[in-house]
Amino acid sequence: MPLPEVLKRVPFPVIASPMFIISTPKLVIAQCKAGVVGSMPALNARPASQVDEWLAEITEALDAHNRAHPDQPAAPFAINQIVHKSNDRLEHDLEMCVKHKVPVIITSLGAREDVNQAVHGYGGVVLHDVINNKFARKAIEKGADGLIAVAAGAGGHAGTLSPFALVQEIREWFDGPLALSGSIANGRSILAAQAMGADFAYIGSAFIATEEARAVEAYKQMIVDSSSADILYSSKFTGVHGNYLRPSIIAAGLDPEALGDGDPSQMSFGSKNAGEAKAWKDIWGCGQGIGAVKQVVPTAELVARLKAEYAAAKRALCQG
């Protein structure tokens, strides 16, 4: 199945993942101008009225860029919608996406036919993130256009399956748009994702260590200073398993080796209690691929590195 027209306009096969708190219009615009799909969660806009303002800001900035650089247009952008029933803003935020005709919608925590239909109504594309083949089938049955396979090693709420297994099982029955997430932070990994059968690499953690990311400097520096050995997988903080930076757990007054699983409300945080130390704000999410991140740089510089590494990897394969 050919890619939808909007995804054919992505100059480089990367979709930046929408990161809670961290992704804002500043980062999204920089990502799109650099040639990758920029994205952010609608819930990052607070209050809800800010969604309208942010979508206008992104649309106007990218339109201006495209007028000024017709030979190098920006990549389209995406907005993440949490479609779980606990999101009481979904109807409002979706209405704003319809108003601004957001090119790509990324849905998470459930698959909703009504959401897909609303996006299709204006010609948008829906990608749904999944951690296994069962959820992938449900998403497509309910009308999603494509899938984001969240494999082991991804930042935040990650799955446990090997990317080889997950992509293989999905590609046995689905030939539509597919992005792969999990420990991708260099150009060689982007090419590897394509070799496995994905159309795009889905990258999050590497973008935390960029100048445009809305993350505190200590978080960015911890990304630079850490490696895969510093990532811990736990359900203690939100009730859903995710990958977090071990040093941030220690900074919150916890022993990473004694967390266990269970109700996050029962957690003791030393000088902080469970109501004060929060996942994402104090306990920082991150994927296993950060060993490739050596410094905090502008988004354009990060994407330029990925492109150079990707091209070098392709040349090496051809020469081999």
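This is a quick talk through one pocket, one helix and a few backbone oddities in a predicted model.

Some housekeeping. Residues are numbered from 1 along each chain as its sequence is written, and side-chain values use heavy atoms, with hydrogens and water left out. Since we're on a predicted model, local features need pLDDT of at least 70 and side-chain atom pairs count only at pLDDT 80 or more, while totals for chains, interfaces and linings use all residues.

Okay, the second largest pocket. By pocket I mean an open set of points on a 1 Å grid over the protein atoms alone, where a 1.4 Å probe fits, with protein on both sides within 12 Å along at least five of seven lines. Its volume is about 230 Å³, counted as the space filled by probe spheres set on the points. Lining residues, those with an atom within 4 Å of a point, number 13 here, and Arg9, Asp63, Asn66, Pro76 and Pro103 lie nearest the centre. Helix α3, residues 50-68, gives the most to that lining, with four residues. Helices, by the way, are DSSP runs of H or I, at least four residues, and strands are runs of E, at least two.

Now, helix α12, residues 299-319. How far apart should its ends be? With 21 residues at 1.5 Å a residue (times one less than the number of residues), α12 should span 30 Å, and its end C-alpha atoms are indeed 30 Å apart.

Which residues of α12 are buried, meaning under 20% relative accessible area with a 1.4 Å probe, protein chains only? That's Thr299, Leu302, Val303, Leu306, Tyr310 and Ala313. They cover an arc of only 95° around the axis, so they sit on the same side of α12; the arc uses directions from the helix axis to the C-beta atoms. The cover over them includes α2, α8, β8 and α9, with contact taken as heavy atoms within 4.5 Å. On the face turned away, you've got Cys318 and Gln319, both exposed, which is over 50%, with partly exposed in between.

Last bit, backbone. Most residues other than glycine have a negative phi, and most peptide bonds are trans. Here, the bond from Arg46 to Pro47 is cis, omega near 5°, and Pro47 is in the loop between β2 and α3. Leu109 has a positive phi of about 60°; find it in the loop between β4 and α5, exposed at 52% relative accessibility. Ser183 has phi near 65°, in the loop between β7 and α8, and is partly exposed at 29%.
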